[in-house]
Amino acid sequence: MMNERKHQAWNFWSAFFFFGAVVLVGYLLRIKGVDITSLTFKEALIIVLATYRMTRILVFEKIFKYLRDVLKRREDIYLVGTLSSIITCPWCAGVWVTLVTVVFYFLVPFGVVLVYVLALAGLASMVILLSNLLHMHTEQKQRIHHREKNSLDDKFTD
């Protein structure tokens, strides 16, 4: 019970850390003269696609599996448990990744290159997912058609 309360406290304080990071990023954007409220549709789409791809890489893909496993093994250390919760949850990670993506897009010299690469990779992964869905749908229709054909053949051969 006590451990769970400590984990909840760390999670609570991590939200304050996140809001502090948001304020800091907002301040840095203001200094640079960037008004994030005037994002163009293209910029927003690029940031969304980059965030999508980086979140998938962080939460699901092999490249960060080692880190996720290390954090999972050490969840008894409260800060580590909070980090583990963040990088194993796509919704949690997505918020943090969005903030980092905004930083790279607007504040890091040449960071926009990384954001564009991630955005293009995100778009490519969506094309792959759609292709896989279409393939699965087509295979399912073929199986149904094959079963129906065999069923009809069986009726006529009886």
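Start by selecting E75, which sits in the loop between α3 (65-73) and α4 (78-87); helices here are DSSP runs of H or I with at least four residues, strands are E runs of at least two, and both are numbered from the N terminus. Before going on, note that this is a predicted model, where local features need pLDDT of at least 70, side-chain atom pairs count only at pLDDT 80 or more, and totals for chains, interfaces and linings use all residues. Residues are numbered from 1 along each chain as its sequence is written, and side-chain values use heavy atoms, with hydrogens and water left out.

**Stop one: around E75**

With E75 still selected, ask how open it is: E75 is partly exposed, at a relative accessible area of 27%. The cut-offs are under 20% relative accessible area for buried, over 50% for exposed, and partly exposed in between, using a 1.4 Å probe and protein chains only. Now show what surrounds it. Leaving out residues up to four places away in sequence, E75 touches H7, V80, G81 and S84, where contact means heavy atoms within 4.5 Å. For a sense of scale, add I36: its C-alpha atom is separated from that of E75 by 36 Å, and the two are 39 residues apart along the chain.

**Stop two: S84 and helix α4**

Next, pick S84, one of the E75 contacts. S84 is part of helix α4. Is S84 buried or exposed? With 0% relative accessibility, S84 counts as buried. Beyond its neighbours up to four places away in sequence, S84 touches L71, K72 and E75.

Now widen the selection to the whole of α4. Seven of its ten residues are buried, so α4 is largely enclosed by the rest of the structure. To colour the buried ones, select Y78, V80, G81, T82, S84, I86 and I87.

Y78 makes a good bridge to another part of the chain. Add A9, which you'll find in helix α1. The C-alpha atoms of A9 and Y78 are separated by 8.9 Å, although the two are 69 residues apart along the chain. A9 itself is partly exposed, with a relative accessible area of 34%.

**Stop three: where α4 meets α5**

Keep α4 on screen and bring in α5 (90-106). Two packed helices are described by the angle between their axes and the distance between the axes. How do α4 and α5 pack? Their angle is about 95 degrees, and their axes are 6 Å apart; axes are lines fitted to C-alpha atoms, for helices over the stretch in contact, and angles run from 0 to 180 degrees between N-to-C directions. That makes α4 roughly perpendicular to α5, a label for angles of 65 to 115 degrees, while those under 35 count as roughly parallel, those over 145 as roughly antiparallel and the rest as oblique.

To see the contact itself, select S85, I86 and I87 in α4, which meet C92, A93 and W96 in α5. By class, five residues in this contact are nonpolar, one is polar and none is charged.

Then follow α5 from end to end. At 1.5 Å a residue, its 17 residues should span 24 Å, and the end C-alpha atoms are 23 Å apart, which agrees; the expected span is 1.5 Å times one less than the number of residues. The buried residues of α5 are A93, G94, V97, L99, T101, V102, Y105 and F106.

**Stop four: the cores**

Which residues touch the most other members of the largest nonpolar core? Select V102, Y105 and F106, which do so among its 16 residues. A nonpolar core is a set of buried Ala, Val, Leu, Ile, Met, Phe, Trp, Tyr and Cys residues joined through side-chain atoms within 4.5 Å. Two or more residues each come from α1 (2-32), α2 (41-60), α5 (90-106) and α6 (111-157), and α2 gives the largest share, five residues.

Zoom in on F106. Not counting residues up to four places away in sequence, F106 touches L29, K32, V34, I36, L39, E43 and I47. Apart from this core lies another, of eight residues, including V59, V80, I86 and A93.

**Last stops: A50 and F110**

Select A50 in helix α2. A50 counts as buried, at 0% relative accessibility. Leaving aside neighbours within four places in sequence, A50 is in contact with T101, V115, L118 and A119.

Finish at F110, in the loop between α5 and α6. F110 is exposed, with a relative accessible area of 74%. Its phi is near 65 degrees, a positive value in a residue other than glycine.

Terms used:
Nonpolar A, V, L, I, M, F, W, Y, C, P; charged D, E, K, R; others polar.
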